Amino acid sequence: MKIGFIGLGNMATAMIGGILGKGLAKAEDVIGSSITEATRNKIREKYAIKTISNNREVAYLADILFLAVKPNVLSDVIDEIRDVVGYECLVVSIAAGKDLKWLKETFNRPELKIVRCMPNTPALVMEGCTGICAGKEVSQEALARVVKLTEAFGRASVVPEHLMDAVVGVSGSAPAYVFLFIEAMADGAVAAGMIRKQAYEFAAQAVLGSAKMVLETGLHPGQLKDMVCSPGGTTIQAVKVLEEKGMRAAVMDAMEACIEKSRNM
């Protein structure tokens, strides 16, 4: 099975690293294209895969073709490769805001098997979270293959397409919210006298550990919060201030804005 990548940016790099690292494909079975020679050389040296500048050749050779380019250039890429994508090829787009209907119309290939994925940047450290939906032409076996490939760099979950914009809000864009929170916590520690490097380490590890507790214990986040809030203690005072400042509402409003933007792209 030949796996092709059109676009070799950060997300494609993370995906390739995970797929090869988990032994789901051999380097000789992966091919990628980029318009930038420096990028091609870098990926070839790091992963020993074949890298070229010709998108059409990648599309022609691939059994599974990942379209890992920005949404604003996706239409041009599809125009370029439309006539060389094989009838049995499984096309996987990771472009935000481009739904299955748009992809089908742009390819003008009604029979084409198309999957949409929305990964996020923690895939770069093998801790990504990917939402997946597929067209009716995609078999359960083929969909399961895409899920397995995306689980190579984190968690993956199949959702109905109407929830893909919500995936953008709660996962695709969410690392930015978390980075902002980590930065704010570190600023608070710096204000209290801690050196910045150490403050970032404490804040980041607190977020990492807390997220792991949610995933591994299966307990409700509110229950885990209550476990930290001792009667009359320091934590409940901090929680009180966050509630007074409207933290929950601010996060929900931010996600609403993100989701609405995704819907209108």
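1. Start at Phe5, which stands opposite Gly32 in strand E2. This is a predicted model. Phe5 belongs to a pairing worth tracing: strand E1 (residues 3-6) and E2 run parallel and are joined by four bridges. Between these strands the chain passes through helix H1 (residues 10-21), and this β-α-β crossover is right-handed.

2. Now look at the next pairing. Gly32 also stands opposite Thr51, a residue of strand E3. E2 and E3 (residues 50-52) run parallel, with three bridges between them. Here the chain crosses from E2 through helix H2 (residues 37-47) to E3; this β-α-β crossover is right-handed.

3. Which faces of E2 are covered? Both are. Val30 and Gly32 are buried on one side. Ile31 and Ser33 are buried on the other.

4. Ser33 deserves its own look. It lies in strand E2 (residues 30-33). Is Ser33 buried or exposed? Its relative accessibility is 1%, so Ser33 counts as buried, the cut-off being under 20%. The side chain of Ser33 makes a polar contact of 2.6 Å with the side chain of Asn55.

5. What surrounds Ser33, once neighbours within four places in sequence are left aside? One group of contacts is Phe5, Ile6, Gly7 and Leu8. The others are Ile52, Ser53, Asn54, Asn55 and Val58. Ile52 turns up again in point 8, as part of a core of 31 residues.

6. Turn to the nonpolar interior. In general, nonpolar side chains tend to be buried together in soluble globular proteins. In this model, the largest nonpolar core has 35 residues. Those with the most contacts inside it are Phe5, Ile49, Phe66, Leu90, Val92, Val115 and Ile132. Two or more residues each come from E1, H1, H2, strand E4 (64-67), strand E5 (90-93), strand E6 (113-118) and H6. H1 gives the largest share, seven residues.

7. Val92 shows how residues meet around this core. Residues up to four places away in sequence are not counted here. Val92 touches Ile64, Leu65, Phe66 and Leu67, among others. Val115, Cys117 and Val146 are also touched by Val92.

8. There is a second core, separate from the largest one. It has 31 residues, including Ile52, Ala59, Ala62 and Ile114.

9. Check Val138 too. It sits in the loop between strand E7 (128-134) and helix H6 (140-150). Val138 has 9% relative accessibility, and therefore counts as buried. Beyond its neighbours within four places in sequence, Val138 is in contact with Leu90, Lys113, Ile114, Val115 and Leu143. Leu90 and Val115 are among the residues with the most contacts inside the largest core, while Ile114 belongs to the second core.

10. How far apart in space are Val138 and Gly233? They are 54 Å apart, C-alpha to C-alpha. In sequence, 95 residues separate them.

11. Last, the whole chain. It has twelve helices and eight strands. Its C-alpha atoms fill a box of roughly 65 × 40 × 30 Å along the principal axes. The chain has 265 residues, and 40% of them count as buried. Of the contacts with a separation of 6 or more, 63% are between residues 24 or more positions apart. The accessible surface is about 14,800 Å². Carbon and sulfur atoms account for 58% of this surface.

Technical notes:
Residues are numbered from 1 along each chain as its sequence is written. This is a predicted model: local features need pLDDT of at least 70, side-chain atom pairs count only at pLDDT 80 or more; totals for chains, interfaces and linings use all residues. Side-chain values use heavy atoms; hydrogens and water are left out. Buried means under 20% relative accessible area, exposed over 50%, partly exposed in between (1.4 Å probe, protein chains only). A polar contact is a pair of N or O atoms within 3.5 Å; within protein, one must be able to donate a hydrogen and the other to accept it, and residues adjacent in sequence count only if both atoms are side-chain atoms. Contact means heavy atoms within 4.5 Å. Two strands pair if DSSP finds at least two bridges between them. A crossover is right-handed if, with the strands pointing away from the viewer, the path from the first strand over the helix to the second runs clockwise. Accessible areas come from the Shrake-Rupley method with a 1.4 Å probe; for residues, only the protein chains shown count as cover. A nonpolar core is a set of buried Ala, Val, Leu, Ile, Met, Phe, Trp, Tyr and Cys residues joined through side-chain atoms within 4.5 Å.
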